Amino acid sequence: MKQDLLLTGCKLAATQQDENAYGLIAGGAVLIRGNRIAWVGDADNIPSEYAGIETEDLDGRLVTPALIDCHTHLVFGGNRALEFEMRLSGASYEDIARAGGGIISTVKTTRGATDDELIELALKRLDDLISEGVGVVEIKSGYGLTIEDEIRMLRIARRLETLRPIKIVTTWLAAHAVPPEYTGRSDAYIDEVAIPGLQQAAAEGLVDAVDGFCENIAFSCDQIERLFIAAKTLSLPVKLHAEQLSDQKGALLAARFGGLSADHLEYLNENDTAAFAASGAVAVLLPGAFYTLNETKLPPVGALREHSVEMAIATDCNPGSSPISSILTAMNMACTQFALTPEEALLGVTRHAAKALGLSDQYGVIAPGYRAELAVWNVDHPAELSYWLGGSPLHNYITRRATI
């Protein structure tokens, strides 16, 4: 494959911070050199030094950065379709969890599945995302809840990156639920599994970030704080499932530890938004879970906007609360349910999602020095990416200099 490639004849939604909506360049061009972007601009202003470089005319198509799914639980066994039926009959998420369903039911099927089975299932979901222009996916552990099984999940997540042309970011989420063998002993679980398991996984180079579920059916702020202290000792960034079902002040805990993000945030108190904003953390909105759980409490999007909090969007792909493997559907839901604009939705799966993963210097923007991972779309305007439901308008995906 040749080192240099000049893309012409395209509309660029560069997602850069400027006055132009979407960072749009109507008649744009991009020079790719190796696996990086070397030049971006108007096709009429291509520097003469690039004359003679291999050129590909994209025939007026839209080009965006590769999309980013910054919150998924992609590796798991089984499904929870029966719980879906239970919710339709009136059972709440908490009712199901307290009855032994929820996360714990997926833990049982995940522990019982072989590595090959988990890889095969995860690849199907990963391929769904790739077919919609996704080039970066975060994958959490959290369905093993033993040191061995949690580490196994992260090894499988790393393995997926060798099987598909995609960047995988791994997150330690052992503090996801209390397993049956630790019922009534959640403090012991943090001290005997979540923290020592993190230390072992980090020693093996399997962890990019640390997460927890701060909720009345999971772990308290005090328990998560102990985990975060251990993460900081290992120089690992933190993030948190916060304020999904109640206001536990988890977002403020994440902010206090300089967290990359706080995710869900339906119950974030508007009075806490300013303090959260001051930390620079990203608010990751997960409309798939809101939809699946038939929630009515909306995240305080207006307050987040008022305080200039960057908002990312993710699928939260998981078998219980968000069985969605479509980033474009998540974008549409963010617009229709949370009243984001299509531009905010695109930023939420590009520039802001990159920041939520600590990758804002490499992904999410079409600019010199960034990774040459681009999605080419059969649409006329970026708003169409949040507009269409069903099917994928992706034309092709240019990643690490390979087109698939």
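What follows is a walk through helix packing, salt bridges and one buried strand residue in this predicted model.

The first contact to consider is that between helix H4 (residues 115-130) and helix H5 (residues 147-163), whose axes lie 10 Å apart and meet at an angle of about 55°. That angle makes H4 oblique to H5, and H4 passes H5 in a right-handed crossing. On the H4 side the contact is formed by Asp115, Leu118, Ile119, Ala122, Leu123 and Leu126, which meet Arg152, Ile156, Arg159, Leu160 and Leu163 of H5. By residue class, this contact comprises 8 nonpolar, no polar and 3 charged residues.

Helix H5 also packs on helix H6 (residues 186-203), and here the axes come within 9 Å and cross at roughly 45°. H5 is therefore oblique to H6, and the crossing of these two helices is right-handed. Ile147, Ile151 and Leu154 of H5 meet Glu192, Val193, Pro196, Gly197, Gln200 and Ala201 of H6, a set of residues that divides into 6 nonpolar, 2 polar and 1 charged.

Charged side chains provide further links, and the count of salt bridges comes to 20. One of them joins Asp115 to Arg152, with an N to O distance of 2.7 Å, and this pair connects helix H4 with helix H5 across 37 residues of the chain. Asp115 is partly exposed, at 37% relative accessibility, whereas Arg152 counts as buried, at 16%. A salt bridge also pairs Glu181 with Arg111, their closest N and O atoms being 3.0 Å apart; because Glu181 lies in the loop between strand S7 (167-175) and H6, and Arg111 in helix H3 (residues 103-112), the pair ties together parts that are 70 residues apart in sequence. Glu181 is partly exposed at 38% relative accessibility, and Arg111 is likewise partly exposed, at 28%. These four residues belong, with Asp149, to a network of salt bridges.

Elsewhere in the chain, Asp272 forms a salt bridge with Lys249, the closest N and O atoms being 2.7 Å apart. Asp272 lies in the loop between strand S10 (261-264) and helix H9 (273-278), and Lys249 in the loop between strand S9 (239-242) and helix H8 (250-256), so that the pair ties together parts 23 residues apart in sequence. Asp272 is buried, with a relative accessible area of 12%, while Lys249 is partly exposed at 33%.

Finally, Ile398 is found in strand S14 (residues 394-399) and counts as buried, at 1% relative accessibility. The C-alpha atom of Ile398 is separated by 7.7 Å from that of Val376, a residue 22 residues away along the chain.

Notes: Residues numbered from 1 in each chain as written. Predicted model: local features only at pLDDT ≥ 70, side-chain atom pairs only at ≥ 80, totals over all residues. Heavy atoms only, no water. Axes fitted to C-alpha atoms, helices over the stretch in contact; angles between N-to-C directions. Helix = DSSP H or I, 4+ residues; strand = E, 2+ residues; numbered from the N terminus. Parallel < 35°, antiparallel > 145°, perpendicular 65-115°, else oblique. Left-handed = near helix turned anticlockwise from the far one by under 90°. Contact = heavy atoms within 4.5 Å. Nonpolar A, V, L, I, M, F, W, Y, C, P; charged D, E, K, R; others polar. Buried < 20%, exposed > 50% of the residue type's maximum accessible area, 1.4 Å probe, protein only.
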